[in-house]
Amino acid sequence: MTGHRVAAITGSGSGIGRELALACAREGMALALADIDIEGLAATEALARTLGVPTFAQKCDVARAGDVEAFAASCEKVFGGVDWLFNNAGVAVLGPAWTATDADWEWVLGVNLRGVANGVRSFVPRMRARGVAARVINTASAAGLATLAGSAVYCASKHAVVAFSECLARDLEQAGDPIGVSVLCPSLVPTQIHQAQRSRPAHLSDTVEPAAAYNDRVRLGMAASPIDAADVAAATLAAVHAGRFYVIPHVQTGGSIRRRMDAMLGDFDAQHTGVP
Ligand SMILES: NC(=O)c1ccc[n+]([C@@H]2O[C@H](COP(=O)([O-])OP(=O)(O)OC[C@H]3O[C@@H](n4cnc5c(N)ncnc54)[C@H](O)[C@@H]3O)[C@@H](O)[C@H]2O)c1
């Protein structure tokens, strides 16, 4: 209970999560930081402290419902509740769809999709009980709006995050709660996501090393990005203030979305209107 508005951010020990945290701190928000990487968390916390806002950090594996529940309980205890929840932690595997192992599916869906669902289950009822305006911001990806080769497991997880977020927004609207939802869909920006295997649990280590070309494509894509993680965070906060649902920071994502929608509607029209 600090008098500050409060942002809780998962995966805030690195990359986009760290920049989201710092952007919130620059707005004067208190920070609740969560990650499995405690060194990364400490580094983010040190940066945030230079901005003069109250912070606390907690080790939390978002794939574990008990960890997320404990994080939500700490947020309530330390700050009295959360105004903005960023379900941001995420990991990726690369390679053709047919090489994905059970462990790949369990790990990526566990963090990317169940992690978001765990956040919603632990935080949203607390937000509803508090009754003040709040927002849930789920990090999906441009890979949740379009598709690309070599990313079937990641794309499937991120499309699921977009669908889950759309349903969440409808549920909250129907319930009449003052809780908004946004879904963040960036294209590639330079972060540590290409080294996501660093946080992979030992019991889910069974995977097929992707051909070097897949990793090269990601590295090149990151290097070519006209914007960085701080720009993504700034675009996210601007969208949150504007009450926007889809946050799509890269201008080139529009073309990918249009091509996918055109393909879908092209096939639909061919079946229903006789247009070839
Ligand atoms: N960087 C990109 O190009 C890009 C593009 C689109 C979407 N995204 C998404 O942005 C989000 C952040 O990724 P990033 O690019 O900043 O990568 P990053 O690897 O730099 O940061 C991800 C953070 O999540 C943490 N994390 C991993 N597994 C976790 C778990 N089980 N529980 C808690 N924390 C965990 C990591 O320790 C790390 O600190 C992810 O959801 C990612 O899918 C990234």
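Biologist: Which helices each supply at least two residues of the shell around the ligand?

Modeller: Bear in mind this is a predicted model: local features need pLDDT of at least 70, side-chain atom pairs count only at pLDDT 80 or more, and totals for chains, interfaces and linings use all residues. Residues are numbered from 1 along each chain as its sequence is written, and side-chain values use heavy atoms, with hydrogens and water left out. Taking helices as DSSP runs of H or I with at least four residues, the two are helix H1 (15–26) and helix H5 (152–175).

Biologist: OK, how many residues surround the ligand?

Modeller: A residue counts if one of its heavy atoms lies within 4 Å of the ligand. The closest are Ser14, Ile16, Asp35, Tyr154 and Thr191. By class there are 13 nonpolar, 12 polar and five charged residues in the shell, and the full count is 30.

Biologist: Which side chain has an N or O atom 2.6 Å from an oxygen atom of the ligand?

Modeller: I'm using polar contacts here (N or O pairs within 3.5 Å). Lys158 has a side-chain N or O atom 2.9 Å from a ligand oxygen, and a polar side-chain atom of Arg198 sits 3.1 Å from one. The 2.6 Å contact belongs to Ser14.

Biologist: And how much of the ligand's area does the protein bury?

Modeller: Accessible areas come from Shrake-Rupley with a 1.4 Å probe. Alone, the ligand exposes 830 Å². Of that, the protein buries 98%.

Biologist: Away from the ligand, which residue does Arg49 meet in a salt bridge?

Modeller: A salt bridge puts a Lys or Arg side-chain nitrogen within 4 Å of an Asp or Glu carboxyl oxygen, and the model has nine. In this one, N to O is 3.2 Å. The two residues are four apart in helix H2 (residues 38–49), which means about one helical turn separates Arg49 from its partner, Glu45.

How values were computed: Polar contact = N/O pair within 3.5 Å; in protein donor to acceptor, adjacent residues only side chain to side chain. Nonpolar A, V, L, I, M, F, W, Y, C, P; charged D, E, K, R; others polar.
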